[in-house]
Structure formats: structure tokens, C-alpha cells
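Good morning, colleagues. Please turn to the sequence and the structure, which I will now put on the screen.

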Amino acid sequence: MSVYPDSPPPDQFAAAAAGDTAAYAAILHWSAERLRRTLSRMVFAGSALEVEDLVQECLLAVHAKWHTYDTSRPYGPWLKAVARHKLTDALRRRRLHVPLEDIEQTLAADEQPEKSDLSPLLATLPDSQREAIRLTKLEELSVAQAAAQLGRSEGAIKVLVHRGLETLRRKVRAG
Amino acid sequence: MNTDQLITQLSTQPRRSARAHYWQQALLIVLAVAVTGALSLLLLGVRPDIVVQLTLKPFLIKLAGLLGFVLLALLVLRKVTLPDVALSAFRVRVSLLAGALLLTTGALTAGIDFASLRAETFHCIIWITSLGLVPLAFFVVVLRRGAVANPRPALYALALASWAVSSLAYTLHCTADLALDPASGNLTMLFLYALALPVFFILARMVQPLFARW
């Protein structure tokens with residue numbers, strides 16, 4: 001039974017093991033709170049909604065893998081290990097399914113970008129990033145052409161586009 | 001659905017018990033060993049001099065050594081399915097490297113006659129690898145049912161455990177040691193069997209990320 005400080009009260013584990021749903025719910029609430037606090041501190045966690053999504057994903061994993069928790073060991077490290085795994089998965093998935101290309105496509109598909117929903121967001125970017133995105137994604141110039149036009153190196157243009165799209169992605173997701 | 005609703009829903013849903021999970025894991029491991037052994041006996045048969053060999057010290061040492069490898073590998077395999085058990089991939093790698101160096105040095109010092117063993121070596125690698133697919137499949141299920149949070153040590157454990165079980169099964173058939181000096185034969189045999197290990201690492205590298213997910 002867990003008697004470590006980084007854990008919910010030990011009697012909750014015993015009660016949960018005996019089938020007490022309230023005790024199990026209390027452990028999950030404790031876990032959710034701990035996960036929320038940790039995730040909110042992380043750089044990649046954008047909006048509160050996104051953090052809550054990740055918390056729920058971790059809670060589902062905690063429930064599915066509950067049988068791998070040995071109650072003689074501290075609960076905190078177990079929770080962290082499960083959460084870390086699910087977060088890595090979630091981030092990897094996000095990179096695959098909500099990639100920067102989504103925004104690129106949205107921008108490219110827009111015939112009148114200045115009037116699109118993304119225009120106000122584009123306006124919030126620093127001049128250098130906005131110009132780099134406008135030239136490479138909206139006017140469809142090559143990186144070399146954009147670099148020549150802006151008087152910068154190709155590497156600098158790539159960095160500016162990447163950072164700009166990252167910022168846009170965060171803003172879009174934050175609503 | 002908000003988080004509170006999710007928690008309410010989850011708390012009323014059944015959970016798998018740790019005890020049931022433990023016995024399921026044990027059953028899968030026993031099945032892996034039994035099926036591999038049975039398949040080896042069915043496809044290759046037992047070595048003709050098994051009754052005599054079972055009374056001889058070198059063969060018993062070889063059997064006990066391989067059994068020790070199997071138990072150790074299975075222990076590590078079980079450990080890697082627990083998310084909060086820290087197993088450093090670096091340490092595992094260093095141990096493997098040290099083991100490989102020791103084994104190679106020992107076998108070379110003992111004087112392997114590679115020329116006479118060439119055909120046997122090929123036979124060993126092919127059969128150990130083929131038989132190893134059986135425990136590999138079982139152990140992937142073991143990993144899936146657990147919660148592997150550190151994939152790299154899990155990959156090594158998967159490869160080692162599959163190789164160890166397969167080698168143990170194959171050794172009941174293998175007669176390559178007859179041509180070897182009884183004093184250094186086991187070391188040479190282990191060296192020969194270990195030549196199949198890289199194949200297991202490659203197989204585990206291919207299989208684990210695809211199937212041992214949760």
C-alpha cells in the first residue's frame with residue numbers, strides 16, 4: 001500500500017482495490033489535478049483546453065494500465081511515467097496529424113489571403129516572419145527567391161517561416 | 001465531456017486486477033517456452049544421444065546456463081512492462097557490449113575451429129532465428145498488456161528473451177558440440193548461438209514499435 005508523500009492517501013488505494021468507486025474516483029481526481037499542474041507548466045501546452053485534453057488522455061491511460069501499478073511502490077512516479085508516455089504519443093500524433101502543413105495548406109488555398117480569417121493572426125506576427133510567410137506560402141516564391149527579395153540567407157528564411165507557422169498554429173489552436 | 005464526467009465514468013468501469021495481470025503474464029511466458037520447445041522437438045527432433053548427454057556435466061552446464069539466461073531475460077522482460085521501473089538503456093547496452101566482448105574473447109582464446117563449424121553455424125542461426133519468432137510473438141503480447149514507458153530497454157529485453165528461449169529449445173537438438181573440445185565447447189556453443197542475437201535485435205526493432213504500443 002502506498003505510504004509515500006507523492007501519493008493520494010493510502011486508504012484510498014485499499015478502498016479502490018476493494019471496489020470502492022468513490023475512492024477510485026478520488027485517486028483519479030488527485031491524478032487529474034497533479035497532471036493539470038504539470039502540463040500547464042510545460043511549454044508546448046498551449047490553451048487550457050489543450051491541457052485538459054491531455055489530462056483526459058492521461059487519465060484514460062491510467063485507467064487502462066491500472067493493473068501495472070504496484071501499490072507497495074510510490075504512486076507519483078508511476079503516474080508520471082504513464083503520463084510521460086502518453087504525452088510523447090500525443091505530441092508525436094499531433095506532429096503527424098495537426099502538422100504545420102495544415103496551416104500552410106489553409107494559407108495556400110485561400111485566394112484572398114488578406115481577407116481570410118488568418119489575416120488578423122498574420123498581422124500579429126513580427127514583420128520579418130510575416131513577410132517570409134507571405135512570400136513563400138502565399139506568393140509561392142521559392143526560399144531562394146524570398147531570401148533574395150528580403151536580403152536574407154535561405155536558412156534565415158526557413159527559420160522565420162517555421163517560427164511564424166509555429167506561432168500561428170498555437171494561436172489557431174488557442175482559438 | 002469534461003474531466004469530472006470522465007472520472008465519474010471511469011470510476012464505475014471495471015479495471016483489470018494486478019493479480020490477474022500477473023498470472024496472465026506468467027501464462028503467456030510459460031506458453032512461449034512450451035510452444036517453442038514443442039515446435040523444436042516436432043520440427044528438428046531431439047538429439048540422438050540425449051539420454052547420455054543428460055548424464056554428462058558439460059551438457060548439463062550448457063542447459064543450466066541457457067536456462068539461467070532465459071530466467072534472467074524473462075525477469076528483465078517483466079520489469080520493462082512496469083512503467084515506473086527505471087532500466088537505463090545505456091546500462092543495458094554497456095552490459096550487452098561487455099557480455100559480447102567477454103564471450104568473444106573467451107571463445108577465441110578457447111580456439112574455435114571456424115572451418116569445421118561453418119555449416120553448423122549457419123544451421124544454428126537459421127533455426128534459432130526461426131524458432132525465436134514464436135517467443136517473440138508471445139512476448140510482444142506480454143509487452144502490450146503491460147505498460148512499457150521506456151521503449152529502448154524493452155526492445156533489448158524482447159530480443160534477449162526471444163533469443164534465450166529459442167536457444168534453449170534448439171540446444172535439445174543441436175549436436176554441434178560433439179565436434180568440440182568438452183572443456184571449452186560450451187563457450188564456443190554460446191558464441192555460435194549468440195551470432196543469432198543481432199538478427200533478434202533487428203526483428204525486435206521492427207516489431208516492437210509497431211505492435212507493442214498502448
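**Nonpolar core and surface**

Let me begin with one residue of this predicted model. Leaving aside residues up to four places away in sequence, Leu59(A) touches Leu28(A), Ser31(A), Ala32(A) and Leu35(A), and also Thr3(B), Leu6(B), Ile7(B) and Leu10(B). A second, separate core has twelve residues, including Leu122(A), Ile133(A), Ala147(A) and Leu165(A).

I turn now to the largest nonpolar core, which has 86 residues. Leu59(A) appears again here: together with Tyr75(A), Phe139(B), Trp163(B) and Tyr193(B), it touches the most other members. Which helix gives the most to this core? Helix α7 of chain B, residues 151–171, does so, with twelve residues. As a general remark, nonpolar side chains tend to be buried together in soluble globular proteins.

Next, chain B as a whole. Chain B has nine helices and zero strands. Of its 214 residues, 46% are buried. Among the contacts in chain B with a separation of 6 or more, 87% are between residues 24 or more positions apart. The accessible surface of chain B comes to about 10900 Å², and carbon and sulfur atoms account for 72% of that area.

Finally, the surface. Leu27(B), Leu31(B) and Val35(B) make a nonpolar patch of about 230 Å². Leu27(B) belongs to helix α2 of chain B, residues 18–43. Is Leu27(B) buried or exposed? Leu27(B) counts as exposed because its relative accessibility is 53%, and the cut-off for exposed is over 50%.

Terms used
Residues are numbered from 1 along each chain as its sequence is written. Chains are lettered from A and ligands numbered from 1 in the order in which they are written. This is a predicted model: local features need pLDDT of at least 70, side-chain atom pairs count only at pLDDT 80 or more; totals for chains, interfaces and linings use all residues. Side-chain values use heavy atoms; hydrogens and water are left out. A nonpolar core is a set of buried Ala, Val, Leu, Ile, Met, Phe, Trp, Tyr and Cys residues joined through side-chain atoms within 4.5 Å. Buried means under 20% relative accessible area, exposed over 50%, partly exposed in between (1.4 Å probe, protein chains only). Helices (H or I, at least four residues) and strands (E, at least two) are DSSP runs, numbered from the N terminus. Contact means heavy atoms within 4.5 Å. Patches are made of residues with over 30% relative accessible area and no salt bridge: like charges are joined within 9 Å, nonpolar side chains (Val, Leu, Ile, Met, Phe, Trp, Tyr) within 5 Å. Accessible areas come from the Shrake-Rupley method with a 1.4 Å probe; for residues, only the protein chains shown count as cover. A salt bridge is a side-chain nitrogen of Lys or Arg within 4 Å of a carboxyl oxygen of Asp or Glu.
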